[in-house]
Amino acid sequence: MTNRPTLSDKNIRILDAAAEAFMTLGFDAASIDHIADLMGVTKGGVYYYYRSKMDLFFAVHRRAMEANLDRLRPLAEDETRAPDDRLFDMVRAHALLMMEQTSYQRVTVQGVDLYQTAKTSLAERQQLDELVAMRDEYESLFTETVSAGSKVGVLRDVDARLATRTLLGSLNWITMWYRPRPADTDTSREQTAHEIAQQLLFGLTTSGPTGEANPR
């Protein structure tokens with residue numbers, strides 16, 4: 001894993017505000033002015049760290065993908081657990097990320113549309129290519145786990161890539177309907193993530209839903 005620069009508190013505040021703006025307004029409608037207003041600073045304070053809205057969008061997207069890879073890699077690579085159990089843990093973890101970091105994760109979904117439709121400079125396209133490579137690596141963690149489960153018979157014999165994209169498509173949609181409520185707790189989100197994982201994996205496992213009992 002490459003070393004990453006440590007972000008200052010101010011930098012993180014900018015990224016948090018930008019993620020919220022991109023989630024609520026979309027990339028086109030969000031502006032540096034709006035992001036600065038969310039922080040209660042002038043837009044010059046934002047431009048000190050980021051030269052453009054596109055650069056800021058890339059930084060939010062990258063931070064989300066780094067969090068995703070950091071959370072999922074250890075689960076995917078834990079060969080002490082059976083593939084179906086690993087996959088359950090991965091799906092549950094991804095669902096939790098969608099709820100814990102909704103604004104950041106929504107930006108990763110927007111990033112797919114941006115990659116396919118936006119007019120970008122060569123430098124911007126290079127940054128987008130790097131982000132897509134991170135997404136491909138993340139997707140491969142699921143694809144390889146599904147393939148491993150199929151080979152040993154704990155998961156059905158399926159097209160692993162199609163199964164992965166079906167799972168991730170369903171999981172990413174959480175960013176469209178989930179919004180934190182005052183009554184939400186870590187425990188309630190864990191319970192929701194557990195139930196989502198059970199529902200999504202019911203059609204893949206050969207012996208019914210996997211995973212331990214719903215945490216209480």
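Which residues make a nonpolar surface patch of about 370 Å²? The views below come from a predicted model.

**View 1. A nonpolar patch on the surface.** Trp173, Met176 and Trp177 make this patch. Its area is about 370 Å². Trp173 lies in the loop between α8 and α9, and α9 spans 174–177. The relative accessible area of Trp173 is 53%. Trp173 therefore counts as exposed, because the cut-off for that class is over 50%.

**View 2. The largest pocket and its centre.** The volume of the largest pocket is about 530 Å³. Its lining consists of 21 residues. Closest to the pocket centre are Thr108, Val112, Arg135, Glu139 and Asn172.

**View 3. Elements that line the largest pocket.** Two or more lining residues come from each of α4 (53–76), α6 (102–117), α7 (122–152) and α8 (160–172). Helix α6 gives the largest share, with seven residues. Sorted by class, the lining holds eight nonpolar, eight polar and five charged residues.

**View 4. Asp85 in helix α5.** Helix α5 covers residues 83–100, and Asp85 lies within this helix. Is Asp85 buried or exposed, or partly exposed? Its relative accessibility is 25%, so Asp85 counts as partly exposed. Buried would mean under 20%, and exposed over 50%.

**View 5. Asp85 and Phe142.** These two residues are 57 residues apart along the chain. The C-alpha atoms of Asp85 and Phe142 are separated by 12 Å.

How values were computed:
Residues numbered from 1 in each chain as written. Predicted model: local features only at pLDDT ≥ 70, side-chain atom pairs only at ≥ 80, totals over all residues. Heavy atoms only, no water. 1 Å grid on protein atoms, 1.4 Å probe; cavity = no way out; pocket = protein on both sides within 12 Å on 5 of 7 lines; lining within 4 Å. Points joined across faces, edges and corners; volume = space filled by probe spheres on them. Helix = DSSP H or I, 4+ residues; strand = E, 2+ residues; numbered from the N terminus. Nonpolar A, V, L, I, M, F, W, Y, C, P; charged D, E, K, R; others polar. Patch = residues over 30% accessible without salt bridge, like charges linked within 9 Å, V, L, I, M, F, W, Y side chains within 5 Å. Areas by Shrake-Rupley, 256 points an atom, 1.4 Å probe, with all protein chains shown as cover. Salt bridge = Lys/Arg side-chain N within 4 Å of Asp/Glu carboxyl O. Buried < 20%, exposed > 50% of the residue type's maximum accessible area, 1.4 Å probe, protein only.
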